[in-house]
Amino acid sequence: MSYFPDVPKIAYEGPKSKNPLAFKHYNPDEVIEGQTMKDLFRFGVAYWHTFRGTGSDPFGAATLTRSWETGSSEKEIALKRVDVAFEFIEKLGAPFYCFHDRDVSPEGATLVETNKIFDEVAKKLKEAQARTGVKLLWGTANLFSHPRYLNGAATSPNADVFAFAAAQVKKAMEVTHELGGENYVFWGGREGYMNLYNTDMKREVDHLARFMHMAVDHAKKIGFKGQFLFEPKPKEPTKHQYDFDAAACLNFCRAYGLEKHVKLNIETNHATLAGHSMMHELAYSSMQGALGSIDANTGDLLLGWDTDQFPTDIYLTTQCMLVILEQKGLAPGGVNFDAKVRRESIDPVDLFYAHIGGMDAFARGAKIAAAIRKDGALSDFVKKRYSTYDEGMGKAIDDGKTSFAELESYVLKKGELTPNISGRQELLENIINEYL
Ligand code: XUL
Ligand code: CO
């Protein structure tokens, strides 16, 4: 039984190909800075968008009707969907996938029933992974869709809801571990507030930290060695989310002693919602050794909410790859397409076009970034720009070997300062365009 009978295995055909169902730039075996593209990107397919996306939006009902979404029960459909998903992922040639517990497996009437169904689905996922060689990049728990989470999960003012969330994450971690998941993600869509009049922010943030320490303890207990990742997002659905951006997440981790246990999963559309560029969030996490993985997508400047579109902008992917190459890749993280086709893109084949475009855009970005890096087109300039710190008093500042008093006598003695040099932004922007 095939769910995509008209789609062959997607092959690399090179930049001259006009075949829409072929890669023009993503060539898994091609080496960039010592790594194959397959290992550099570690592309992942997001189960929630690609196999559960319906095209519904706050103003309209589902538009993406999929022929396979039929069966006598939610469980039966969930099991069938595993076949659909692995046919898609295998044909696409993505080495990884990612899921929330509730994307792959429905909620039953009780927690016992929910977990029993989850075990059955996980068994089938494990078989499909073994058959196809597709691996689990990360798992996570959906702590935002069910009405019980209306006030949050780990930050809910209701302790029973906290307890239920803990039970749900415990199970999701165990299944992720069972499936060989290489990371485990926490995205707190409802971990925040809508209004400070009814919120004890200190208590909520303390609870979030308690929750995380219990997760760390449980990972130890079950032998899960995967990387924990926070996924920053400033808002949506909640007005203010505690994991606002990379800086807020890292501050939280340090304040509560979690910095050894948690890295970040940076998402493009979340970065822009926070008023940052993706490159800023990547560079900020990377410089602190905390860039673990990325959720690749893009927003729309004219809409302004989390539109989760597939990334096709070569400037964007080049900027991402400049940072990712600098830190020699993302493993055990990867590039997960947290992106959905538009509600007007109603055919299953659109899912292929979308992923092919995203993978090719990243491959092009990587080739361009590698060429820029090889020539030192940016780095030589940046090094020169800071060269006053390479010797003399500048070096003493860098080495922590001076003081305000010493610097005061230094400038008094020196009189005239070393002149500033041009930032050359326009020239550097022109140079980047020469590589595109
Ligand atoms: C929501 C979002 C999530 C996380 C996983 O904006 O990005 O799908 O990636 O919970
Ligand atoms: Co995401």
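Modeller: Donors are the N, O and S atoms within 2.8 Å of a metal (3.2 Å for Na, K and Ca), and water is not among the atoms, so a site may look incomplete. This is a predicted model, in which local features need pLDDT of at least 70, side-chain atom pairs count only at pLDDT 80 or more, and totals for chains, interfaces and linings use all residues, while side-chain values use heavy atoms, without hydrogens or water. Residues are numbered from 1 along each chain as its sequence is written, and chains are lettered from A and ligands numbered from 1 in the order in which they are written.

Colleague: What makes Glu231, Glu267, Asp295 and Asp338 count as coordinating the cobalt ion (ligand 2)?

Modeller: Their distances do: the OE atoms of Glu231 and Glu267 and the OD atoms of Asp295 and Asp338 are at 1.9 to 2.1 Å from the cobalt ion, and these values fall within the limit for donors.

Colleague: Why is the site of the cobalt ion (ligand 2) called octahedral?

Modeller: The site has 6 donor atoms, with angles of 79 to 172° among them. Six donors count as octahedral if opposite ones are over 155 degrees apart and all others between 65 and 115, so the site with these angles is given that name.

Colleague: How are the donor residues spaced in sequence, and what does the pair Glu231 and Glu267 tie together?

Modeller: The donor residues follow the spacing E-x35-E-x27-D-x42-D. Glu231 lies in the loop between strand E10 (227–230) and strand E11 (240–241), whereas Glu267 belongs to strand E12 (residues 262–267), so the pair ties together parts that are 36 residues apart in sequence. Strands here are DSSP runs of at least two residues and helices (H or I) of at least four, numbered from the N terminus.

Colleague: How do you know whether Glu231 and Glu267 are buried or exposed?

Modeller: Buried means under 20% relative accessible area, exposed over 50% and partly exposed in between, with a 1.4 Å probe and protein chains only. Glu231 has 3% and Glu267 has 1%, so both count as buried.

Colleague: And why is Lys367 called partly exposed?

Modeller: Lys367, which is found in helix H12, has a relative accessible area of 26%, and because this falls between the two limits, the residue is partly exposed.

Colleague: What makes Glu231, His270 and Asp295 polar contacts of ligand 1?

Modeller: A polar contact is a pair of N or O atoms within 3.5 Å; within protein, one must be able to donate a hydrogen and the other to accept it, and residues adjacent in sequence count only if both atoms are side-chain atoms. An N or O atom in the side chain of Glu231 is 2.7 Å from an oxygen atom of ligand 1, while polar side-chain atoms of His270 and Asp295 each lie 2.9 Å from an oxygen atom of ligand 1.

Colleague: Why is the largest nonpolar core said to lie between two domains?

Modeller: Such a core is a set of buried Ala, Val, Leu, Ile, Met, Phe, Trp, Tyr and Cys residues joined through side-chain atoms within 4.5 Å. The largest one has 112 residues, and Phe41, Tyr97 and Ile294 are among those with the most contacts inside it. Helix H12 (residues 348–375) gives the largest share, 12 residues. Domain 1 (11–375) and domain 2 (380–435) both contribute residues, so the core lies between them; the domain bounds come from an automatic or database assignment.

Definitions and conventions: Four donors count as tetrahedral if all angles lie between 85 and 135 degrees; four count as square planar and six as octahedral if opposite donors are over 155 degrees apart and all others between 65 and 115; anything else is irregular.
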